[in-house]
Amino acid sequence: MNEKILEIDDLTVSFDGFKALNHLNFSLDIGELRVIIGPNGAGKTTFLDIITGKTKPTEGQVRFKGRNLRPYAEHQIAQMGVGRKFQTPRVYLNLTPRENLEIACNRQKTVIHTLFRKTLNAERRTVVGLLETIGLSHKADMKANLLSHGEKQWLEIGMLVAQSPDLLLVDEPVAGLTDEETEKTGELLLSLAESHSIIVIEHDMEFVRQIAKGTVTVLHQGSVLCEGTIDEVQTDPRVVEVYLGQEIHTNGPVNLEDTAELLGVLEGS
Amino acid sequence: MAVDTLVQSRGVDLAKRRSLLIEIAIVAAIALFLIFALPWLISAFRLNLMGRFLALAIVALGIDLIWGFTGLLSLGHGIFFTIGGYALAMHLKLPQPPGSGLPEFMSLYGGTELPWFWRPFYSAPFSLFAIAVIPAVIAGILGYVIFRNRIRGVYFSILTQAATIIFFNFFNGQQKLFNGTNGLTDFRSVFGLPVKDNRTQYILYIVTILFVILAYAVCRWLTSGRFGRLLVAIRDDESRVRFTGYNPTGFKILVFAVSGALAGIAGALYTLQSGIVSPNTMNIAFSIEMVIWVAVGGRATLVGAILGAVLVNLAKSLLSEQFPDFWLFFQGGLFLLVVLLLPSGLIGWLRTSGVDLYKQLTGQTRLSTYPSLEEDPEVEYERKNIGD
Ligand SMILES: Nc1ncnc2c1ncn2[C@@H]1O[C@H](COP(=O)(O)OP(=O)(O)OP(=O)(O)O)[C@@H](O)[C@H]1O
Ligand SMILES: [Mg+2]
């Protein structure tokens, strides 16, 4: 058996009685790349909120490298080695990509060190390497608010890596990207998977196919609906029903194109 | 490629060093002008006013640090400013040598014994120390309570405002301890020099200039390196900073305390030059004025804070001499105007339109002054989006 980097037992989170996560069990091996899919509102983002300490569980616990995370604040969990990319890209728009990365790269994140210690050459070199990896070397010294959406997504992934975490949590990294950008992002994640444990949350099935080499987890109404390879998951009748059911029961006008696409994807076209 | 980028970042460092030297030269030139030329150009009365405005520029720098860079709109700097003033005034009001009597207002209200907390102010070094440290400590404690509980935005402003009201009422009501509403005034001598003497006031004016430079240098140091970039990051997205592994609380407390200390120093220098400190400067209106100075000059620019404080107060003194009832409307209008038309203040406007205007006037186009234009990603971006 592989050792687990993340174990989640019987986790429940309720917001005023509404259970965003409901008796959820989950575990992740060291070095694994796991994709989580699920309809809107399934609790995927809440799941990451719990791991990163933004929200505390109502019941159950999360163990990272064997340690219960409940007593720790967000920054402490980050220092233990959990890095998170948000659903909408969140980079510091008034700083340059280089500065963004330097902030993430800083080894000692105390007030004193940040104030008095110069940026180490090793850190600078890491930053330069990362700039190249994410393809932003030529835009390293312009303000990040001039970057395109895709570049911001990559910069944020770069910031994650700069933190040198052991576990990367990536929430919808290709939302709003072009096909080409999506594929590049996939390659980037796959190369990161060689040295990190990664959880990727994604809606885009084509992208999921590109990166999901192992297990895919389907979340639905706050619990794990099923787990398996991408092919198993896509043909699982429960999954098909969840995706279709959601489309049919929405109150608003049903987007036929989306439904058709979904049907196509789920039938493993 | 990787080496290129590293070299590029070294190049950036060199450029930074050169612009730092230029900046030092400019600061020195302005200081020399203010110290040696200005006294010949304006009356002693006006010079004293200028000294006061420069003192206000120091608290404006503090506001810029906490609001402009860190994004925390403090309406409590009146507290720190006034307490800095009191710390010095208490020393000046104590008859020397120790034990030779009470400040006159105390005997007037029938006090017989000096309250315990007045005693340390017999000591000049303690008082000088207290000018900056007491406001810093109060700011630190206030900040600790507020930031630890993750109170931000409007709630932070409201809390600091509430604190201002509490302090105002306390000082205003303590007739026997602080002479209440009237405050402390009628200082005779400061460190052996007669306070009201023109020569003394000139020395105080110079001291104020030196402190503006010092405050500016400290703020520049705090905001230019990685620490400063982190402040901007906290301002723009605090929770992102947390998820990157920093605890913003300590950073915010430190900045708030430094900013409080600057306000205290400003208050002491102002008190010496205006001859009075009273709870009046703990009015909410005054703390809001400070914010207006910084907004007018330009947030997060430092220079803008100094410029804004001096210009707005200059306008205030000139206008209220001519039209005494008019100033408040003008100030309100000015604030609206800046918020609507110059959201990044005078300096922000100068940086964008001013540079273009200058180049147009001198006939330089951007192309001929910018050899690396073709590779500049920013220009590329602009071309793409705005059209060449
Ligand atoms: N702070 C909160 N307070 C109340 N309800 C919340 C809160 N956060 C999330 N929820 C609810 O929990 C449910 C799960 O939300 P979550 O954001 O985790 O979904 P998601 O799977 O990430 O969806 P999407 O695919 O749209 O990003 C939603 O119904 C949401 O309204
Ligand atoms: Mg989500």
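What follows is a chat between two people about a predicted model.

Colleague: Let's start with chain B. What makes chain B as compact as a globular protein of that length?

Modeller: Chain B has 17 helices and four strands. Its radius of gyration is 23 Å, and the globule rule gives 21 Å for 388 residues; the two are close, so chain B is as compact as a globular protein of that length. The C-alpha trace spans about 80 × 55 × 40 Å along the principal axes of chain B.

Colleague: And how much of chain B counts as buried?

Modeller: Of its 388 residues, 40% do. As for contacts in chain B with a separation of 6 or more, 80% come from residues 24 or more positions apart.

Colleague: Which residues touch the most other members of the largest nonpolar core?

Modeller: B:Ala57, B:Ala60, B:Leu61 and B:Ala266, in a core of 167 residues. Leaving out residues up to four places away in sequence, B:Ala266 touches B:Ala55, B:Leu56, B:Ile58, B:Val59, B:Phe81 and B:Gly84.

Colleague: Over to chain A. Why is A:Lys85 called buried?

Modeller: The cut-off is 20 or more other C-beta atoms within 10 Å. A:Lys85 has 22 C-beta neighbours inside 10 Å, so A:Lys85 counts as buried. A:Lys85 sits in strand β6 of chain A, residues 82–85. Beyond residues up to four places away in sequence, A:Lys85 touches A:Glu156, A:Ile157, A:Leu160, A:Leu169, A:Val170, A:Asp171 and A:Pro173.

Colleague: Which element gives the most to the shell around ligand 1?

Modeller: That's α1(A), with three residues. The residues around ligand 1 include A:Gly43, A:Lys44, A:Thr45, A:Thr46 and A:Gln87. Two elements of chain A, β2 (18–29) and α1 (44–51), are the ones that give two or more residues to that shell.

Colleague: How does that shell split by class?

Modeller: Four nonpolar, seven polar and one charged.

Colleague: Last one: how many residues of chain A are in contact with chain B?

Modeller: 37 residues of chain A, against 27 residues of chain B. On the side of chain A that touches chain B, α2 (74–80), α3 (97–105), α4 (111–116) and α5 (121–133) of chain A each give two or more residues. The largest share is from α5(A), with six residues. By class, that side of chain A has 14 nonpolar, eleven polar and twelve charged residues.

Terms used
Residues are numbered from 1 along each chain as its sequence is written. Chains are lettered from A and ligands numbered from 1 in the order in which they are written. This is a predicted model: local features need pLDDT of at least 70, side-chain atom pairs count only at pLDDT 80 or more; totals for chains, interfaces and linings use all residues. The radius of gyration is taken over C-alpha atoms; the globule rule is 2.2 Å times the number of residues to the power 0.38. A residue is buried if 20 or more other C-beta atoms lie within 10 Å of its own, exposed if 12 or fewer, and partly exposed in between; C-beta atoms are placed from the backbone. Two residues are in contact if their C-beta atoms, placed from the backbone, lie within 7 Å. A residue is near a molecule or strand if its C-beta atom, placed from the backbone, lies within 6 Å of it. Ala, Val, Leu, Ile, Met, Phe, Trp, Tyr, Cys and Pro count as nonpolar, Asp, Glu, Lys and Arg as charged, and the others, Gly among them, as polar. A nonpolar core is a set of buried Ala, Val, Leu, Ile, Met, Phe, Trp, Tyr and Cys residues joined through C-beta atoms within 7 Å.
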